[in-house]
Amino acid sequence: MLKHRRTALERVDKFVSATYFTDCNLRGRLYGDSCAPASLSCFQTPRRIPYSEAVVQEFRPVGVGDSFGPTWETCWFRVELSIPPAWAGREVHFVWESDGEGMVWRDAQPVQGLTVEGEKTSYILTSSLKETEPHSLTLYVELACNGLFGAGKGSMIAPPDPDKRFTLSKAELVIFNRDVYELLMDLEILLDMAKLLGEENQRSFQALYAANQIVNVCDVKDPATFPAARDLAAAIFSQRNGESQHTIHAMGHCHIDSAWLWPYEETVRKCARSWVTVIRLMERNPELTFVCSQAQQFEWVRSWYPGLYTQIQDYVAKGQFIPVGGTWVEMVRSMDGNLPSGESMVRQFLQGQRFFQEQFGQMCSEFWLPDTFGYSAQLPQLMCGCGIRRFLTQKLSWNLVNSFPNHTFFWEGIDGSQVLTHFPPGDSYGMHGRVEEMLKTVKNNKDKGRVNHSTVLFGFGDGGGGPTQKMLDRMKRMSDTDGLPRVQISTPARLFSVLEKESSQLCTWVGELFLELHNGTYTTQAQIKKGNRECERILHDVEVLSTLAVAQGGTFQYPASQLQHLWRLLLLNQFHDVLPGSCIQLVVTDALQYYAEIRRTGTQLQEEALQSLCGELLQLRSGSAESTLVLNTLPWERTEVISRTGPAGTEALALVTAPSMGYAIVREPLLPPQPVRVIKQEDGSVSMENGVIAVCLDTMGRLTSLRLAHSERESVADGCRANQFALFDDVPLYWDAWDVMDYHLETRKPVTTLLKPLEITMAGGLRGSASFSLQIGESSTLTQEIILDATCPYIRFSTQVDWKESHKFLKVEFPVQVRSANATYEIQFGHLQRPTHWNTSWDWARFEVWAHKWMDLSEHGFGVAVLNDSKYGASAHRNVLSLSLLRAPKSPDATADIGHHQFTYAVMPHQGSFQDAGVIQCAYNLNFPLHAVPASSAQCPAWSAFSLSSPAVVLETVKQASLLSRRREVEGAILELLLFSVLWFLPSSGVAGRIGHVAAVTPLFQLSRDHFGLAEAEDRPGAVVVRLYEAHGSTVVTWLQTSLPVKEAMLCDLLERPAAKGHLPLEQQGMRLSFTPFQVISILLVLRQ
């Protein structure tokens, strides 16, 4: 019989259609008889309450078709079911369809998530109803009045509709015809093979003809015909591939944004709904593996759903539920990979790996970051320092301009560290196990010939959901079917092990992995960015002061539990839709509350540590002259102008010197070598000079001149003004809070509307300043005080903005008289260069980039740096340095950035390189102000806890060593092994004789622990960890000096595990440390008690 390809394809398509001919096709027979619940009632609450509280409430009758809400409410349904006796022997499902997110509870435990968007609308009550099984039962359904992707009004990323209603469209018992389902799955795969393999492929026609014959053989009214039909499909699926066929490692996956279009609290339930569904799938599919990152989400489930968490632990032990990632949350450009500080990134790994070790007895060997907005060039070193040398992500597939050239490659960081990196070639972390996706994975793979293995992550994600039975059943039919890639359920370990074996021909990518999209997230939600930077500083200072207080002896206890809580709050806010600002207003409110808690508790902890450290010096005595205790938490001596409280309670300025990471009592402030001079000219312009730099300002606060005091070299470009504000139209293509497009640069409008001209506010001496006000756009105002302190090498711009714009982008520009093909930007534990030209598409795609505390444009012998205290967006094109200040997107938060903002930036001209000029130290100084506290006039020499002999090395962190539980677990395993050896392999002399050998175990046991580097900080109470990094990009030797009573020093990794042969000699000059460029080194210091 001749067959027409199109009609044959459409014939099969209609036979399985859910839309056409369901009265007579196979799809229409998927479900048999149905019946309504015996009773359906509801209780509604605005709170997310536990099961035990919900079930005792008063429920009212409701029916299918009723609507519930508004948004973010919770409805608890009591569903009483009675299964007809005639259904004996049949598979019975409870079907529930609603546009909200549901969770089925049975016997007081969560048992199944239900979401139409996640293709989970039924809960299997029994696979074959037996007489002995209960025919009457009561279920509860917890319904969240939000969808898988929140409740956007009109579009997914629009602000939530506060009045949205959610409808219950179906609630019933049904007979599920498993044989119909299996045949439908067969036909789906055959039909896709026929369509997608193409007319030139023999297997396409074989699949089509088999599918067509199945339609001929199958009588939908006679299940007796189904086995013959399934045999036809099996004949196709059993034809095997050749040995050279590409192998796909499939893993269940469910990326859940810890907050995004829904608040943190809803994420807790999303995790439970998704993961309990995975557990149900594992019960029916013992081959299923599921990878799951984010320790924070495990902790939520552990706290809120202990019964579910116990089941998860069981499946982790079986190797099916696989913790990955090793971090506390999936970070944003931040653990995404850009915005958090280097120390924050370390803590993400430390908290995450520590949690996984304590809860599951294992650490992660893969860094798992599927959805993030960029990747810092320092990440490879941080991964390696935490025992991770494998990395999976895929977000670069979103690049707007350039296609990344590899899917499997080695990624090399700025220090030379390398990690094996894999991007799923299907360019997704939420596949559905379809033929089309498998074929795309093979076709799209950019490393054909180098590697013959790749991965597919399957399951609904972002808003949760996870894998489905359909996804698994599709891939079972593709496990080894000729014409399709070989698909096997696998694990990250298996995938990377085979990639490592094939890695000899892989390419290497050096430097950052820059995402050419979402670069508006460097600026959106400025208050969150400011909170992050401030709280990183606060926690740094608390740790330094608390560590020094403990080291001095006494009764002070290091606030380990409080600090862990505060760090976890900070790390949670570094999730990749919170710190970037791409979240709804509810999330912003939560995040700002967390920052407020860190500020409040952190300030209290600082005061307690300071009291312990310097208590006697802070005790003011009546009649005695008052002095000031000046405390410096940075590792270099600083001479700065501070504000201190005078005897009458008034604020007064003082020039003081504070020792490196220590304190001094200041009674008589220093006299500046040259006071600040401030002069107002007849034209209204103002000049300021302090003997280090000289600046001229016009009436709008713009710099007409900026030079080093003893140099004729001008910093401001000829005919230009620096500190020029510019406003841009900011309307992206879709992702409002996320994206700023290249064409925004075509809409530049200089800000020139003066509200209040420049006026001198401090006349000089220790500080000179002048202020002015501008109108920004239609209704916003900016007031700025320009400040020059005695001896300071930079001029500060203290800025306040009342921001009321819509879809506008505010920047400040510094056109400088410097020519260089590259600008330098600070990143975590180092810096990197990016081009200032747009020669190639790779160059101009970086029209908006990110930096931390500073950026610099230098030519040989001279340069200009811009410093900041809370900004991350930046750019340098040709000779113009721009700092991005504020955006005004309207989705997903319609109020984003509207309100009052306060921030400071600075400009610093310098001779020589930025390294030699101290730009790095000055940026730290701007971000870490000296602490000034009223003190007694007691005689007290300046005291320094730590100092370094080389300015190229920064001592970033001083903290108490973390206590990890892994030691005891490993010790137990080794002890068991050694006892086994003693009792069974040593010469036998009876039980008593064997036991006598146990005494020999102790030294051997200690040797084993030390040999394998298993001893940790917990072995040494009072141990201190210090973390340093090479900041100049040089190979250098430095001496670390300390006044702490150090008994022993050893190198350790970022998880604070001592390194093999890492002992450091304690010499008179301190500890000798050798660094390579941008190397991060951690040291464990054991103190004398």
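Q: At what angle do the axes of helix α6 and helix α8 cross?
A: Roughly 50°, and the axes of α6 (residues 264–284) and α8 (residues 306–317) come within 10 Å. Axes are lines fitted to C-alpha atoms, for helices over the stretch in contact, and angles run from 0 to 180 degrees between N-to-C directions. Helices are DSSP runs (H or I, at least four residues), numbered from the N terminus.

Q: Where do these numbers come from?
A: This is a predicted model, where local features need pLDDT of at least 70, side-chain atom pairs count only at pLDDT 80 or more, and totals for chains, interfaces and linings use all residues. Residues are numbered from 1 along each chain as its sequence is written, and side-chain values use heavy atoms, leaving out hydrogens and water.

Q: What do you call the arrangement of α6 and α8?
A: Oblique, therefore neither of the other classes: under 35 degrees is roughly parallel, over 145 roughly antiparallel, 65 to 115 roughly perpendicular, and the rest oblique.

Q: Which residues of α8 make the contact?
A: Leu 308, Gln 311, Ile 312 and Tyr 315. On α6, the residues include Trp 275 and Ile 279. Contact means heavy atoms within 4.5 Å.

Q: New topic: how far apart are the end C-alpha atoms of α4?
A: They are 23 Å apart, which agrees with the 22 Å that the 16 residues of α4 (residues 202–217) should span at 1.5 Å a residue. The expected span is 1.5 Å times one less than the number of residues.

Q: What do the buried residues of α4 pack against?
A: α1 (5–15), α3 (178–196) and α5 (226–237). Among the buried residues (under 20% relative accessible area, 1.4 Å probe, protein chains only) are Leu 208 and Ile 214.

Notes: Helix = DSSP H or I, 4+ residues; strand = E, 2+ residues; numbered from the N terminus. Buried < 20%, exposed > 50% of the residue type's maximum accessible area, 1.4 Å probe, protein only.
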